[in-house]
Amino acid sequence: MNILMVGDVVGEGGCHYLSRVLPKLRREYEADAIIVNGENSAKGNGITPQSADMLFSAGADVITTGNHCFRRRCESLFDENPRILRPANYPEGTPGSGVYSLDLGRTRLAVINLMGTAFMEPLDNPFSVIDNILETLDTPCILVDFHAEATSEKRALGYYLSGRVSAVIGTHTHTQTADEECIDGKTAYISDVGMVGAARSVLGVCPEQAIQKQRFHVPVQFSEAPGPYVLGAVCLSIDPKTGNSNKIRRVFLKEMTN
Ligand code: FE2
């Protein structure tokens, strides 16, 4: 079966571009399920009921998030819709869940959202948290969205989970990497899948604002850069019986301008 995993969608522009291209991508890659990272889908970042609706309407089956999951103070969103995940390594008692088991008829796909701790919030250790989660799952088909800053932490988790999950897909840095592989022929891996956001931008934000912030270290109100847009994703081919991935293909679209 084929699974499409789409990187961080940035703002309204990213949501609209996703709506325009995702139906075609689903057909082209014959995707059985689509996972989308939506932690920057609301205006300014974070996720709201409105931006989540846009992602589901575009075709997302499960939405993952990351460090901005609670930025818009919409904690109840996660309890009300189990298909919207927050990182599983938040402390016990945090609203929502980091795991969702998607029914695909002939099999189930478990989607796990985890966050790195290198240069990020000091959440629970993602390595030990996922060890505990894997003991509870009833399917070999398992996709992990590892929302993390450091490539070293991402690659280490990829090897740690080799042969134990179908895929470890990095998100958060918004720039698609070229290191996709099937580790040991079983676990699809990429350090970062990329984003859905403005091409002329710094991670989706207006370059001039990012320069102001980096140059002078003063607080800057970021806004979403205008289009044209890019889309970063991967398509995984998973054996539904064993859960092994035998192929990972990078997807990169750039909107044409006249
Ligand atoms: Fe992030």
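Valine 202 touches Pro207 and Ala210, leaving aside residues up to four places away in sequence. This is a predicted model, and the briefing below moves from valine 202 to a group of paired strands, then to three buried residues, and finally to the largest pocket. Valine 202 counts as partly exposed, because its relative accessibility is 37%, whereas histidine 147 counts as buried at 0%.

**Valine 202 and its surroundings**

- Valine 202 is found in the loop that lies between strand E11 (195-198) and helix H6.
- Although valine 202 and alanine 225 are 23 residues apart in sequence, their C-alpha atoms are 8.5 Å apart in space.

**Strands E5, E6 and E7**

- Strand E5 (residues 99-103) is joined to E6 by 5 bridges, and these two strands run antiparallel; within this pairing, tyrosine 100 has valine 111 in E6 as its bridge partner.
- The hairpin of E5 and E6 has 4 residues between the strands, and in this hairpin glycine 105 takes a positive phi near 85 degrees.
- On E6 there is also a pairing with E7, which is in the parallel sense and extends over 6 bridges; here leucine 114 stands opposite phenylalanine 146 in E7.
- Strand E6 (residues 108-115) is largely enclosed by the rest of the structure, because 7 of its 8 residues are buried.

**Histidine 147, in strand E7**

- Histidine 147 belongs to strand E7, which covers residues 142-147, and this residue is buried because its relative accessibility of 0% is under the 20% cut-off.
- A polar contact of 3.1 Å links the side chain of histidine 147 with the side chain of histidine 172.
- Leaving aside residues up to four places away in sequence, the residues that histidine 147 touches include Asp8, Asn37, Glu39, Thr65, Leu114 and His172.

**Threonine 65, a contact of histidine 147**

- Threonine 65 sits in the loop between strand E4 (62-64) and helix H3 (75-80), and it counts as buried because its relative accessibility is 0%.
- The side chain of threonine 65 reaches the backbone oxygen of leucine 85 at 2.6 Å.
- Beyond residues up to four places away in sequence, threonine 65 touches a set of residues including Asn37, Glu39, Phe78, Leu85, Asp145 and His147; Asn37 and Glu39 are also among the residues that histidine 147 touches.

**Cysteine 141, in the loop before strand E7**

- Cysteine 141 is placed in the loop between helix H4 (126-134) and E7, and it is buried, because its relative accessible area is 0%.
- In sequence, cysteine 141 and arginine 108 are 33 residues apart, while in space the distance from C-alpha to C-alpha is 6.7 Å.
- Arg108 is one of the residues that cysteine 141 touches, and others among them are Met1, Leu109, Ser166, Ile238 and Gly243, not counting residues up to four places away in sequence.

**The largest pocket**

- The largest pocket has a volume of about 840 Å³, and its lining is made of 30 residues, of which Gly44, Asn45, His68, Val205 and Phe222 lie nearest the centre.
- Sorted by kind, the lining residues of this pocket comprise 10 that are nonpolar, 13 that are polar and 7 that are charged.
- Helix H6 (residues 207-216) gives the most to this lining, contributing 3 residues; H6 is also the helix at one end of the loop that holds valine 202.

Technical notes. Residues are numbered from 1 along each chain as its sequence is written. This is a predicted model: local features need pLDDT of at least 70, side-chain atom pairs count only at pLDDT 80 or more; totals for chains, interfaces and linings use all residues. Side-chain values use heavy atoms; hydrogens and water are left out. Buried means under 20% relative accessible area, exposed over 50%, partly exposed in between (1.4 Å probe, protein chains only). A polar contact is a pair of N or O atoms within 3.5 Å; within protein, one must be able to donate a hydrogen and the other to accept it, and residues adjacent in sequence count only if both atoms are side-chain atoms. Contact means heavy atoms within 4.5 Å. On a 1 Å grid over the protein atoms alone, a cavity is a set of points where a 1.4 Å probe fits but cannot get out, and a pocket is an open set with protein on both sides within 12 Å along at least five of seven lines; lining residues have an atom within 4 Å of a point. Grid points are joined across faces, edges and corners, and a volume is the space filled by probe spheres set on the points. Ala, Val, Leu, Ile, Met, Phe, Trp, Tyr, Cys and Pro count as nonpolar, Asp, Glu, Lys and Arg as charged, and the others, Gly among them, as polar. Two strands pair if DSSP finds at least two bridges between them.
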